[in-house]
Amino acid sequence: MAAVSSPGFPSSRLTPAEASSPGGGAAHGEAADATFMQFALRVGRQGTPAPNPHVGAVVVQRGEIVGVGHHARAGEAHAEALALERAGASARGATLYVTLEPCNHHGRTPPCVDAVLASGVQRVVIGCADPNPHVAGGGAEALRRAGIEVSYGAWRAEAEELIAEWRAGLRAKRAR
């Protein structure tokens, strides 16, 4: 498994101590979560997904980034699906860092929850909850019910800032 390199990101590999994996192949710990969520946030700023939100995703296996994705345009694959596709078999047992809770409904694309479940990741770290009433905690709950460890809030303020414009549009739409 080769590490994914990315311009502007200093390293996609943690030290062995940082990448200790008590739960299998996923790197755990605050240092790892911060490092990889920061990268997901940076990746998520790419593209022009309006009217959808900016979202970044990173798949990490034993301290190595093995898949990266961002939501580039409305109607195209979401960040999680792209990152997991790029990770391929390396996603099994890995950790997925995603800036926004994975969707659990059909829109122009299939639910991201389905891609996460099919990939075999064992842990998902979510930057912030999805305020869309079609999701609103349902994505995370579906993952938990399937036995995937889910944690929220790594770099929450930054993740919420990433979706601020989309969230404002969502609120305006609901107010009509």
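**Notebook: helix α1, the sheet and the charged pairs**

I started with helix α1, residues 30-44, in this predicted model. At 1.5 Å a residue, its 15 residues should span 21 Å. I looked up the end C-alpha atoms and found them 20 Å apart, which agrees.

**Entry: the buried side of α1**

I went through α1 for burial. A32, D33, A34, F36 and M37 are buried. Further along the helix, F39, A40, L41, V43 and G44 are buried as well. I then asked what covers these residues. The cover includes the strands β1 (56-61), β2 (64-70), β3 (95-100) and β4 (123-128). Helix α5 (156-162) is also part of the cover.

**Entry: the sheet**

In what order do the strands of the sheet lie? I read the order as β2-β1-β3-β4-β5, 5 strands in an open sheet with mixed pairing. The edge strands are β2 and β5, each of which pairs on one side only. Neighbouring strands are turned against each other by 15° on average, with direction ignored.

I checked one pairing in detail. β1 and β2 run antiparallel and are joined by 6 bridges. In that pairing, G56 stands opposite H70 in β2. Helix α1 packs on the sheet and touches β1, β2, β3 and β4. The direction of α1 makes about 50° with that of β3.

**Entry: the aromatic pair**

How many aromatic pairs does the structure hold? I found 1. The partners are F36 and Y97, with 5.5 Å centre to centre and 40° between the planes, and the pair is tilted. F36 sits in helix α1 and Y97 in strand β3, 61 residues apart, and the pair links distant parts of the chain.

Are these two rings buried or exposed? F36 has a relative accessible area of 0%, so I noted F36 as buried. Y97 also comes out at 0% and is buried. The cut-off for buried is under 20% relative accessible area.

**Entry: salt bridges**

I counted 3 salt bridges. One of them joins the side chains of R123 and D33, at 2.9 Å from N to O. R123 is in strand β4 and D33 is in helix α1, 90 residues apart, and this pair also links distant parts of the chain. I looked up the burial of both partners. R123 has a relative accessible area of 5% and is buried. D33 has 13%, under the 20% limit, so D33 counts as buried too.

R123 also meets E149 in a salt bridge, at 3.3 Å from N to O. E149 lies in strand β5 and R123 in strand β4, so the pair ties together parts that are 26 residues apart in sequence. E149 is partly exposed, with a relative accessible area of 40%.

The remaining entry on my list was R156 with E160, where the closest N and O atoms are 3.0 Å apart. Both residues lie in helix α5, 4 residues apart, about one turn of the helix. R156 is partly exposed at 49% relative accessible area. E160 is partly exposed at 27%.

Which residues are joined into one network by salt bridges that share partners? They are D33, R123 and E149. I noted R123 as the shared partner, since R123 meets D33 in one bridge and E149 in another.

**Entry: helix α4**

Next I looked at helix α4, residues 138-145. Its buried residues are G138, G139, A140, A142 and L143. What covers them includes α3 (112-119), β4 and β5 (149-152). After α4 comes G147, and I read its phi as positive, near 95°.

**Entry: S90**

Last, I looked up S90. S90 lies in the loop between α2 (79-87) and β3. At 22% relative accessibility, S90 counts as partly exposed. The C-alpha atoms of S90 and V66 are 6.7 Å apart in space, while the two residues are 24 apart in sequence.

Definitions and conventions: Residues numbered from 1 in each chain as written. Predicted model: local features only at pLDDT ≥ 70, side-chain atom pairs only at ≥ 80, totals over all residues. Heavy atoms only, no water. Helix = DSSP H or I, 4+ residues; strand = E, 2+ residues; numbered from the N terminus. Expected span 1.5 Å × (residues − 1). Buried < 20%, exposed > 50% of the residue type's maximum accessible area, 1.4 Å probe, protein only. Contact = heavy atoms within 4.5 Å. Phe/Tyr/Trp six-rings, centres within 6.5 Å; stacked < 30°, edge-to-face > 60°. Salt bridge = Lys/Arg side-chain N within 4 Å of Asp/Glu carboxyl O. Pairing = 2+ DSSP bridges. Axes fitted to C-alpha atoms, helices over the stretch in contact; angles between N-to-C directions.
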